[in-house]
Amino acid sequence: MGIFDISTQQKSHNIEKKDEIINNLINTFEPISEEFESNNNLYIFKKFKAEKTFLSYDLKATVRESKESFAIDFEGELQNAWILVILIVLGILLTYGIGVILVAAFAYLQKKSSTKYIETTFEKLKKETSSE
């Protein structure tokens, strides 16, 4: 995992509604990604782009279950990292290194906003299914 890659874990104690939460999560994330693959307990969203972000990620959601709860591990690999490399090189050449700070801050904030989007979406879906 790189410094700008997404990694978060979300846990739910509502094991009875696991399938409903996962289906709602897929229905929410699939339209904002280019491709979707499913394999047992692994869901892959290619070129996932959260709302209000510019960078895209290959997002993998792995479902782990225990007797009374389940957890979903989200891991997102930054796509098009070469754009950041070009911007960093240009930042070094044109701004004597100050531009590197701006590019790194931009990528870090994109990572944080994507992670926050995933966490809030999962919490919202968890609340919606528990209130029904």
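This text walks through the structure from its overall layout to its core and a few single residues.

The structure is a predicted model, in which local features need pLDDT of at least 70 and side-chain atom pairs count only at pLDDT 80 or more, while totals for chains, interfaces and linings use all residues. Residues are numbered from 1 along each chain as its sequence is written, and side-chain values use heavy atoms, with hydrogens and water left out.

The chain contains 3 helices and 5 strands. Helices (H or I, at least four residues) and strands (E, at least two) are DSSP runs, numbered from the N terminus. Read from the N terminus, the order of elements is β-α-β-β-β-β-α-α. The C-alpha trace spans about 55 × 25 × 25 Å along its principal axes. Of the 132 residues, 39% count as buried. Here buried means under 20% relative accessible area, exposed means over 50%, and partly exposed lies in between (1.4 Å probe, protein chains only). The chain exposes about 8,100 Å², and 56% of this comes from carbon and sulfur atoms. Accessible areas come from the Shrake-Rupley method with a 1.4 Å probe, and for residues only the protein chains shown count as cover.

Contacts show how the chain folds back on itself. A contact means heavy atoms within 4.5 Å. Among contacts in the chain with a separation of 6 or more, residues 24 or more positions apart account for 54%. One example of distant positions brought together is glycine 2, in the segment before β1 (6–12). Its C-alpha atom is separated by 8.0 Å from that of leucine 78, although the two are 76 residues apart along the chain. Glycine 2 is partly exposed, with a relative accessible area of 37%.

Next comes the interior. In soluble globular proteins, nonpolar side chains tend to be buried together. A nonpolar core is a set of buried Ala, Val, Leu, Ile, Met, Phe, Trp, Tyr and Cys residues joined through side-chain atoms within 4.5 Å. The largest such core has 27 residues, and Phe29, Phe48, Ile72 and Phe74 have the most contacts inside it. The elements giving two or more residues to this core are α1, β3 (42–48), β4 (57–65), β5 and α3 (98–131). Helix α3 gives the most, with 6 residues. Apart from its neighbours within four places in sequence, isoleucine 72 is in contact with residues that include Thr8, Ile22, Leu25, Val63 and Phe122.

Aromatic rings also meet one another in this model. A pair of aromatic rings is described by the distance of the centres and the angle of the planes. Rings of Phe, Tyr and Trp (its six-membered ring) pair if their centres lie within 6.5 Å; planes under 30 degrees apart count as stacked, over 60 as edge-to-face and the rest as tilted. The structure holds 8 aromatic pairs. In one of them, phenylalanine 29 and phenylalanine 74 meet edge-to-face, 6.3 Å centre to centre and with 70° between the planes. Phenylalanine 29 lies in helix α1 (residues 18–29) and phenylalanine 74 in strand β5 (residues 70–78), so the pair ties together parts that are 45 residues apart in sequence. Phenylalanine 29 is buried at 0% relative accessible area, and phenylalanine 74 is also buried, at 0%. Both belong to one aromatic cluster, formed by Phe29, Phe36, Tyr43, Phe45, Phe48, Phe74 and Tyr117.

Helix α1 has a buried side. Its buried residues are Lys18, Ile21, Ile22, Leu25, Ile26 and Phe29. They cover an arc of only 135° around the axis, which puts them on the same side of α1. The arc is that of the directions from the helix axis to the C-beta atoms. An α-helix has 3.6 residues a turn, so residues three or four places apart point the same way. The face of α1 turned away from the buried side carries the exposed residues Asp19 and Asn27. Threonine 121, in helix α3, touches Leu25, Thr28 and Phe29, not counting residues up to four places away in sequence. Threonine 121 counts as buried, at 5% relative accessibility.

Two residues stand out by their backbone angle. Most residues other than glycine have a negative phi, and most peptide bonds are trans. Lysine 47, in strand β3, has a positive phi near 50°. Tyrosine 96, in the loop between α2 and α3, has a positive phi of about 55° although it is not a glycine. Lysine 47 counts as partly exposed at 37% relative accessibility, and tyrosine 96 as exposed at 78%.
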